[in-house]
Amino acid sequence: MKNTLQPDATVAHDLDNESQVRMAVQTLEEDIAFGYMHPRERLVEDELRARFGLKRHVVRQVLVELEQMGLVERKKNIGALVKSYSAKEVLDLYVVRDILETSGARQIALPVPPEKLDALEAIQQQHDEAVRDGNLQLAFRMNIAFHKALFALSDNATLTEMIELAAQRAHVIRSLSMVVPETLEKARRDHHAMIAALRACDRERLVALCSDHLLPSRDAYIEKHRRLAHLAERAEVTRLPVRTAKN
């Protein structure tokens, strides 16, 4: 688990089980979202116990929560692995995300009360500062907070929850773009454009922005998936035996 975020394992001993699980889940969620852990990479219980200073049953609860979030999958005789998506699975997930998020944008009652817009802008200011300072952890958390606050304006708690769950499942997919400065900057600009659309009561602009906002992470993952598939195909061709013509 090289290049992962390293919490102080001694801290875990001072926390109750629920807090230990939350700390480990959040750290591993960020490891996956930032690409420090890759699709199909194993999460070994003994390594996690040593890293976080946790008991075995607590580590197993961490893995259960990560599996429920769609970040980890279990394979028979292998154990827990970082979730891997095929190109079709990515496209299917992002079709669902587009339906949910554009629906959420359409359900926001306009005009939005000024105090709620101010609160959304305050969250975005923290995201701005994190992107400017290169603070990936804070940028990641404030990005989540921004979208949660944005779609909460729909006043549909069930829809907001489904949007959040679908976004969690996309962490593995977003890992290719999460650490790219240009993508972070585009996300920051998109957020400001969404706020401007809300202030202008421009629903169609908001819906279009929400849809377009999903594309960079989806397209980056699919492009890498296809590139790797092409390389694997070429490697297979080079391993084929050369047949010579018989006289």
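In this predicted model, Lys-83 lies over the face of Tyr-85, at 5.3 Å from the ring centre. A second charge is placed in a like manner: the charged end of Arg-97 sits over the ring of Tyr-94, 5.1 Å from its centre.

**Aromatic pairs**

The structure holds two aromatic pairs. The geometry of each is given below.

| Pair | Centre to centre | Angle between planes | Arrangement |
|---|---|---|---|
| Phe-34 and Tyr-36 | 5.8 Å | 75° | edge-to-face |
| Phe-34 and Phe-140 | 5.6 Å | 75° | edge-to-face |

The pair of Phe-34 and Phe-140 links distant parts of the chain. Phe-34 belongs to the loop between helix H2 (17–33) and H3, while Phe-140 is in helix H7 (residues 136–152), and the two are 106 residues apart. Together, Phe-34, Tyr-36 and Phe-140 form one aromatic cluster.

The members of the cluster can also be described by their accessibility. Phe-34 has a relative accessible area of 4%, which is under 20%, so Phe-34 is buried. Phe-140, at 0% relative accessibility, also counts as buried. Tyr-36 has a relative accessibility of 24%, and since this lies between 20% and 50%, Tyr-36 counts as partly exposed.

**Helix H7 and its link to H2**

H7 has 17 residues. From its first C-alpha to its last, H7 reaches 24 Å, close to the 24 Å expected at 1.5 Å a residue. Its buried residues are Ala-139, Phe-140, Met-142, Asn-143, Phe-146, His-147, Leu-150 and Phe-151.

Another long-range approach involves Thr-27, a residue of helix H2. Thr-27 and Gln-137 are 110 residues apart in sequence, yet 9.4 Å apart in space, C-alpha to C-alpha. Thr-27 is buried, with a relative accessible area of 10%.

**Helix H3**

Helix H3 covers residues 45–52, and within this helix Glu-45, Leu-48, Arg-51 and Phe-52 are buried. Seen down the axis of H3, these buried residues fall within an arc of 130°, so they line one face of the helix. Just after H3, Gly-53 takes a positive phi of about 65°.

**Nonpolar cores**

The largest nonpolar core has 31 residues, and among these Leu-28, Leu-43, Val-62 and Leu-66 touch the most other members. Several elements each supply at least two residues of this core: H2, H3, helix H4 (56–68), strand E2 (79–82), helix H5 (87–106), helix H9 (171–178) and helix H12 (215–239). H2 gives the most, with six residues.

Which residues does Leu-28 touch, not counting residues up to four places away in sequence? Leu-28 touches Met-37, Leu-43, Leu-48, Arg-51, Phe-52, Val-62 and Leu-66. Of these contacts, Leu-48, Arg-51 and Phe-52 are also listed among the buried residues of H3, and Leu-43, Val-62 and Leu-66 are named with Leu-28 as the core members that touch the most others.

A second, separate core has 23 residues, including Val-112, Ile-123, Phe-151 and Ala-166. One of these, Phe-151, is also among the buried residues of H7.

Terms used: Residues numbered from 1 in each chain as written. Predicted model: local features only at pLDDT ≥ 70, side-chain atom pairs only at ≥ 80, totals over all residues. Heavy atoms only, no water. Buried < 20%, exposed > 50% of the residue type's maximum accessible area, 1.4 Å probe, protein only. Helix = DSSP H or I, 4+ residues; strand = E, 2+ residues; numbered from the N terminus. Arc of directions from axis to C-beta. Phe/Tyr/Trp six-rings, centres within 6.5 Å; stacked < 30°, edge-to-face > 60°. Lys NZ or Arg CZ within 6 Å of the ring centre and 35° of its normal. Core = buried A, V, L, I, M, F, W, Y, C linked by side-chain atoms within 4.5 Å. Contact = heavy atoms within 4.5 Å. Expected span 1.5 Å × (residues − 1).
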